[in-house]
Amino acid sequence: MRIGVAGTHGVGKSTLVEELVSRHPDHVGVDEPFVLLEERGYEFEHPPSAADYLVQLRASLRLLRQPGRSVVFDRTPLDFVAYLRAVGADAEVDGLREALATLDMLVVLPITAETERVLPAAEFPGLRRDVNDALLELVQDVEVPVVELDCPLARRVEEVSRAVTRFRPAAAPRPGPA
């Protein structure tokens, strides 16, 4: 199953991806574009600029276009559209719907009272809230199953695992005898 995990910074996406891959060892986790680009030497502004978010968006689109049936993506192109909107930049993206259609399920981690209380304080709280709001608005138009995890942190993996069972794509029919 191809799962995208989306959310603003500091809501536990990377932790959830690690836990899901641990729980579902047939799946491979894909680091978020920020990490992958930094490993290749890309230098981000601090805070990242609209140009930085656009570079990450393009990288995310490329990642989703790569083959692989059992993948958990840390961030999706939708995240970067939300960041671009939050910083007031143009967020029209060719190929966004097609890229998202490669997912079998989108898991969205909104800011909750528990994430605010339990997780470390995130940088740029205003940007964080704006991205959260933009992302929650964007997911309303997504054509793949969306699981919004506003449950307690300790139940996230179980909730996603249940959704994996519910939204697992049907196996392709086997060819019958000729």
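# A guided tour of pockets, helix pairs and backbone exceptions

Begin with the largest pocket of this predicted model, which holds about 450 Å³ of space. To find its centre, select H9, F34, R75, Y83 and E123, the residues that lie nearest to that point among the 24 that line the pocket. Next, colour the helices α2 (33-39), α3 (50-65) and α4 (77-86), each of which supplies at least two residues of this lining. The lining of the largest pocket comprises 13 nonpolar, five polar and six charged residues.

**R75 and the cis peptide bond**

Remain at R75, one of the residues nearest the centre of the largest pocket. R75 sits in the loop between β3 (71-74) and α4. Display its backbone: R75 is not a glycine, yet its phi is positive, at about 90 degrees. Most residues other than glycine have a negative phi, and most peptide bonds are trans. An exception of the second kind is found by selecting H46 and P47, which are joined by a cis peptide bond with omega at about 0 degrees. P47 belongs to the loop between α2 and α3.

**α3 against α4**

Now select α3 and α4 together. Two packed helices are described by the angle between their axes and the distance between the axes. For α3 and α4 the angle is about 165 degrees and the axes are 8 Å apart. The pair is therefore roughly antiparallel, since angles over 145 degrees count as such. The crossing of these two helices is left-handed. To view the contact, show the side chains of A50, Y53, L54, Q56, L57, S60, L61 and L64 in α3, which meet P77, F80, V81, Y83 and L84 in α4. By class, the residues of this contact are 11 nonpolar, two polar and no charged. Y83 in this contact is also among the residues nearest the centre of the largest pocket.

**α4 against α7**

Keep α4 selected and add α7 (125-138). The axes of α4 and α7 cross at roughly 125 degrees and come within 8 Å. This angle makes α4 oblique to α7. The crossing is right-handed. On the α4 side, select L78, D79, V81, A82, Y83, R85 and A86; they meet L127, D130, V131, A134, L135, E137 and L138 in α7. The contact of α4 with α7 has 10 nonpolar, no polar and four charged residues. V81 and Y83 take part here and also appear in the contact of α4 with α3.

**The second largest pocket**

From the α4 and α7 pair, proceed to the second largest pocket, with about 350 Å³ of space. Select L78, L96, R97, L138 and D141, the closest to its centre of the 16 residues that line this pocket. Both L78 and L138 also belong to the contact of α4 with α7. The helices α4, α5 (96-100) and α7 each contribute at least two residues to the lining of the second largest pocket. This lining contains 10 nonpolar, no polar and six charged residues.

**α1 against α8**

Move next to α1 (residues 13-23) and α8 (residues 156-167), which pack at an angle of about 60 degrees with their axes 10 Å apart. These two helices are therefore oblique to each other. α1 passes α8 in a right-handed crossing. Show L16, E19, L20 and R23 in α1, which meet R156, V157, E158, V160 and S161 in α8. The residues of this contact divide into four nonpolar, one polar and four charged.

**The cavity**

Keep L20 of α1 displayed, one of the residues that meet α8, and end at the cavity that it helps to line. Rolling a probe the size of a water molecule over the atoms shows where empty space is left. How many cavities of 30 Å³ or more does the structure hold? There is one, and the largest cavity has a volume of about 30 Å³. Select I3, L20, V21, H24, H27, V72 and V164 to display its lining. By class, these residues are five nonpolar, two polar and no charged.

Note on methods
Residues are numbered from 1 along each chain as its sequence is written. This is a predicted model: local features need pLDDT of at least 70, side-chain atom pairs count only at pLDDT 80 or more; totals for chains, interfaces and linings use all residues. Side-chain values use heavy atoms; hydrogens and water are left out. On a 1 Å grid over the protein atoms alone, a cavity is a set of points where a 1.4 Å probe fits but cannot get out, and a pocket is an open set with protein on both sides within 12 Å along at least five of seven lines; lining residues have an atom within 4 Å of a point. Grid points are joined across faces, edges and corners, and a volume is the space filled by probe spheres set on the points. Helices (H or I, at least four residues) and strands (E, at least two) are DSSP runs, numbered from the N terminus. Ala, Val, Leu, Ile, Met, Phe, Trp, Tyr, Cys and Pro count as nonpolar, Asp, Glu, Lys and Arg as charged, and the others, Gly among them, as polar. Axes are lines fitted to C-alpha atoms, for helices over the stretch in contact, and angles run from 0 to 180 degrees between N-to-C directions. Angles under 35 degrees count as roughly parallel, over 145 as roughly antiparallel, 65 to 115 as roughly perpendicular and the rest as oblique. A crossing is left-handed if the near helix is turned anticlockwise from the far one by less than a right angle, and right-handed if clockwise. Contact means heavy atoms within 4.5 Å.
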